[in-house]
Amino acid sequence: MILQIMGLAYESQKNINSGPFSVGDSLKKAEKSWGPLEDLSTVAANYWSRNVRFLYDDSTGRKTITAIDDLDPQLQTIHLSELKGLIGDPVSAED
């Protein structure tokens, strides 16, 4: 799962649950494809049933997606030791 996440992020600025959408796409494109948003604020649009939150720039007419949060419960099963074993220790860390 970690390698899949890293690959999607590196290649296309996507995550596991973002479907065909990536940073830079229009929020309107997601709405057209997936239907009405399940929750909307001035900076975030949620599809809770798809475990995804799109952060967007409301100052653009197309509501450009600026970040994507993956809310998949499986992500909680990833442990720091797994990450360190796969990609090494971080250059710096904060508690």
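Let us start just past a helix: α2 is followed by Gly-35, whose phi is positive, near 95 degrees. Keep in mind as you read that this is a predicted model.

**The helix α2**

Helix α2 covers residues 27–34. At its start, a side-chain oxygen of Ser-26 reaches to within 3.0 Å of the backbone nitrogen of Lys-28.

Which residues of α2 are buried? They are Leu-27, Ala-30 and Trp-34. Seen down the axis of α2, these buried residues fall within an arc of 55 degrees, so they line one face of the helix. A general rule helps here: an α-helix has 3.6 residues a turn, so residues three or four places apart point the same way. What covers the buried residues of α2 includes the strands β1, β2, β3 and β4.

**The sheet**

Now turn to those strands. Four of them form an open sheet in the order β1-β2-β3-β4, and the pairing is antiparallel. Why do β1 and β4 each have one side without a neighbour in the sheet? β1 (39–40) and β4 stand at the edges, each with a single partner strand, so one side of each is left free of a neighbour there. Helix α2 packs on this sheet, touching β1, β2 (44–47), β3 and β4, and the direction of α2 makes about 145 degrees with that of β3.

Look next at β3 and β4. Strand β3 (residues 52–57) and strand β4 (residues 64–70) run antiparallel and are joined by six bridges. One of the residue pairs to find is Leu-55 with its bridge partner Ala-67 in β4. Another is Arg-53, whose bridge partner in β4 is Asp-69. The two strands form a hairpin with six residues between them. In the turn of this hairpin, Lys-63 has a positive phi of about 55 degrees.

**Two salt bridges**

How many salt bridges does the structure hold? There are two. The general idea is that side chains of opposite charge can pair when their charged atoms come close. Here are both pairs, with the distance between the closest N and O atoms:

| Acidic partner | Basic partner | Closest N and O atoms |
|---|---|---|
| Asp-25 | Lys-29 | 3.8 Å |
| Asp-69 | Arg-53 | 3.5 Å |

The salt bridge between Arg-53 and Asp-69 involves residues you have already met as bridge partners. Arg-53 lies in strand β3 and Asp-69 in strand β4, so the pair ties together parts that are 16 residues apart in sequence. Arg-53 counts as partly exposed, at 23% relative accessibility, and Asp-69 is also partly exposed, at 29%.

In the other pair, is Asp-25 buried or exposed? Asp-25 counts as buried, because its relative accessibility is 14%, and buried means under 20%. Its partner Lys-29 is partly exposed, with a relative accessible area of 41%.

**A loop residue to look for**

Finally, find Thr-42, which lies in the loop between β1 and β2. Thr-42 counts as exposed, at 61% relative accessibility. What does Thr-42 touch, leaving aside its neighbours within four places in sequence? Thr-42 is in contact with Tyr-56 and Asp-58. You can also compare its position with that of Leu-55: the two residues are 13 apart along the chain, and their C-alpha atoms are separated by 9.1 Å.

Notes
Residues are numbered from 1 along each chain as its sequence is written. This is a predicted model: local features need pLDDT of at least 70, side-chain atom pairs count only at pLDDT 80 or more; totals for chains, interfaces and linings use all residues. Side-chain values use heavy atoms; hydrogens and water are left out. Two strands pair if DSSP finds at least two bridges between them. Helices (H or I, at least four residues) and strands (E, at least two) are DSSP runs, numbered from the N terminus. A salt bridge is a side-chain nitrogen of Lys or Arg within 4 Å of a carboxyl oxygen of Asp or Glu. Buried means under 20% relative accessible area, exposed over 50%, partly exposed in between (1.4 Å probe, protein chains only). Contact means heavy atoms within 4.5 Å. Axes are lines fitted to C-alpha atoms, for helices over the stretch in contact, and angles run from 0 to 180 degrees between N-to-C directions. The arc is that of the directions from the helix axis to the C-beta atoms. A polar contact is a pair of N or O atoms within 3.5 Å; within protein, one must be able to donate a hydrogen and the other to accept it, and residues adjacent in sequence count only if both atoms are side-chain atoms.
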